[in-house]
Amino acid sequence: MGGGFGGFHTARHLEKLAREHDLEVTLVNDTNHLVYTPFLPEAAGGTLEPRHVVIPLRPSLPRTRLLVGHATRHDPDRRRVRFVADSGEETDLEYDQLVVCPGSVSRTLPIPGLSESAVGFKTLAEAIFLRNHVLKQLELADAARDADERAAMLTFVFVGGGYAGVEALAELEDLVADSRRHYPGLDKVPTRWMLVEATEGIFPEVGARLASYAMRQLTKRGIELRLGTTLTDATGGAVTLSSGEVIPCRTLVWTAGVRSHPAVIQMGLPVDERGRARVDEALAVKDLPGVWALGDGAAVPDPARPGLACPPTSQHAVRQAKVVAANVVARFTGGRLDTFRYRTRGMFVDLGRNKAVASLMGLHISGFPAWFVTRTYHLSQIPGFRRKARVAADWTVGLAFQRDTAELGSLGHPRSLDP
Ligand SMILES: Cc1cc2nc3c(=O)[nH]c(=O)nc-3n(C[C@H](O)[C@H](O)[C@H](O)COP(=O)(O)OP(=O)(O)OC[C@H]3O[C@@H](n4cnc5c(N)ncnc54)[C@H](O)[C@@H]3O)c2cc1C
């Protein structure tokens, strides 16, 4: 259940193992593709085609039965999962072994106006919405006569200094900076970009030295950092910060952390205080024989940090998938269970403009070399030769030509026949 990094790679390993063992693999996912999330910022920024950052599941998993819809209920005693197709039709799926990996969702807080005015940055829909939205703000500002309105349209506030939020901000700031030359009417109107972070630093995962390099790069580009500051209100077309500052803006992006997908609880799995499935080192769900969980939705014991769970990253989900697939087979064959032993080898954060920070097997690199390593790493990781080729082609074209700045917000909303 769940066809993201965890589910896709589990199914892939099981397909390989199915050659030796008589296995039938069914994957339930709400779309027929996997989103390669590390590329979402580039899809938003327009350096990658949105279709090139997703991997279609059917051709990639030819021996898996894919069911597109939702798993909604679970009866562990009868070993059944209720599947609801997009048409609304419901079926009970029987299983011998169940692997649950529904991922995570944005973690919100009860801040007035937040859910109405902020957008997250976790899905392809959000990334493309934001791309179109920021380009639309340039159009609106160009046409606006009121100076305060213009300033609000050209103010972009991001809350949450994790790597996903910083990468999204950096790419969108690049997109707007590149697009501005086409708006001579906005020559003298500045754009304002702001990153609000509750702690005193950004992405602690890469270490203090690289984080401070990243902060210097962002500040050099005019991005305002508000560290040790929280968002307290998002009503009335403005955001209010804990410092008392009130910033009129039309773009608020919320990337202040994730929480386990509610489907974990819906499926009746035992959970920890953050709603993640409780599993042991073999990824078996506590007290539910035949049920496994992994990825962002599971509290997998982290071999590198005793007593803590693995961080929510794709590199962990991908490695956990291999262990789960082996253990599913071991349950049928009576073999020994494998345990999860992976330790993070590196972290990469793309800052746009051919710069990044990377920490790789104890080495810390920044600037252009880090950017090159980051791109090479992701190219090696995105599944499938055809996807790699398309991504490489997008990057190559991007080196020679200017960024594409078309705003396509009307896609998916066809005009009525009777306007
Ligand atoms: C912008 C961004 C950038 C990132 N960059 C990196 C990076 O550079 N490196 C890194 O290691 N990690 C990165 N991550 C984190 C990474 O994406 C996650 O850790 C990873 O996706 C977790 O894998 P998963 O299988 O648990 O969940 P997901 O990949 O989210 O997959 C879960 C799937 O299950 C589906 N699903 C949920 N509920 C149901 C249901 N009831 N029925 C059917 N289907 C369901 C979901 O829609 C989804 O398709 C990034 C994340 C984001 C948002």
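**Exercise 1. In which sense do β14 and strand β15 (residues 246-248) pair, and over how many bridges?**

Before the solution, two remarks on conventions. The model is a predicted one, in which local features need pLDDT of at least 70 and side-chain atom pairs count only at pLDDT 80 or more, while totals for chains, interfaces and linings use all residues. Residues are numbered from 1 along each chain as its sequence is written, and side-chain values use heavy atoms, with hydrogens and water left out.

Step 1. Strands are DSSP runs of E with at least two residues, helices are runs of H or I with at least four, and both are numbered from the N terminus; two strands pair if DSSP finds at least two bridges between them.

Step 2. β14 and β15 pair in the antiparallel sense over three bridges, and valine 239 stands opposite isoleucine 247 in β15.

Step 3. This hairpin has four residues between its strands, and glycine 244 takes a positive phi near 95°.

**Exercise 2. Describe the partner of β14 on the N-terminal side of the hairpin with β13, and then the hairpin of β5 and β6.**

Step 1. Strand β13 (residues 231-233) is joined by two bridges to strand β14 (residues 238-241), and the two run antiparallel; leucine 231 has leucine 241 as its bridge partner.

Step 2. Four residues lie between β13 and β14, and in the turn glycine 236 has a positive phi of about 70°.

Step 3. Strand β5 (residues 80-85) and strand β6 (residues 90-94) are antiparallel and joined by five bridges, with valine 81 opposite leucine 93; this hairpin also has four residues between its strands, and glycine 88 in the turn has a positive phi of about 100°.

**Exercise 3. Work out the strand order of the open sheet of five strands, and name its edge strands.**

Step 1. The order is β9-β16-β10-β11-β12, with parallel pairing.

Step 2. The edges are β9 (118-119) and β12 (224-227), each of which pairs on one side only.

Step 3. At the β12 edge, strand β11 (residues 192-197) pairs with β12 in the parallel sense over four bridges, and glutamate 197 stands opposite leucine 227.

**Exercise 4. Characterise the surroundings of the ligand.**

Step 1. The ligand is surrounded by 31 residues (near means that a heavy atom lies within 4 Å), and the closest are Gly6, Asp30, Thr37, Asp296 and Ser314.

Step 2. The shell divides into 13 nonpolar, 15 polar and three charged residues, where Ala, Val, Leu, Ile, Met, Phe, Trp, Tyr, Cys and Pro count as nonpolar, Asp, Glu, Lys and Arg as charged, and the others, Gly among them, as polar.

Step 3. Elements that each supply at least two shell residues include α1 (5-17), β1 (25-29) and α10 (314-333).

Step 4. An oxygen atom of the ligand is 2.8 Å from a side-chain N or O atom of serine 314, and a ligand oxygen lies 3.3 Å from a backbone N or O atom of threonine 313; a polar contact is a pair of N or O atoms within 3.5 Å.

**Exercise 5. Why does the aromatic pair of phenylalanine 39 and tryptophan 395 tie together separate parts of the sequence?**

Step 1. Rings of Phe, Tyr and Trp (its six-membered ring) pair if their centres lie within 6.5 Å, with planes under 30 degrees apart counted as stacked, over 60 as edge-to-face and the rest as tilted; the structure holds nine such pairs.

Step 2. Phenylalanine 39 and tryptophan 395 are edge-to-face, at 5.7 Å centre to centre and 90° between the planes.

Step 3. Because phenylalanine 39 lies in the loop between β2 (33-35) and α2 (40-45) and tryptophan 395 in helix α12 (residues 385-400), the pair ties together parts that are 356 residues apart in sequence.

Note on methods. Polar contact = N/O pair within 3.5 Å; in protein donor to acceptor, adjacent residues only side chain to side chain.
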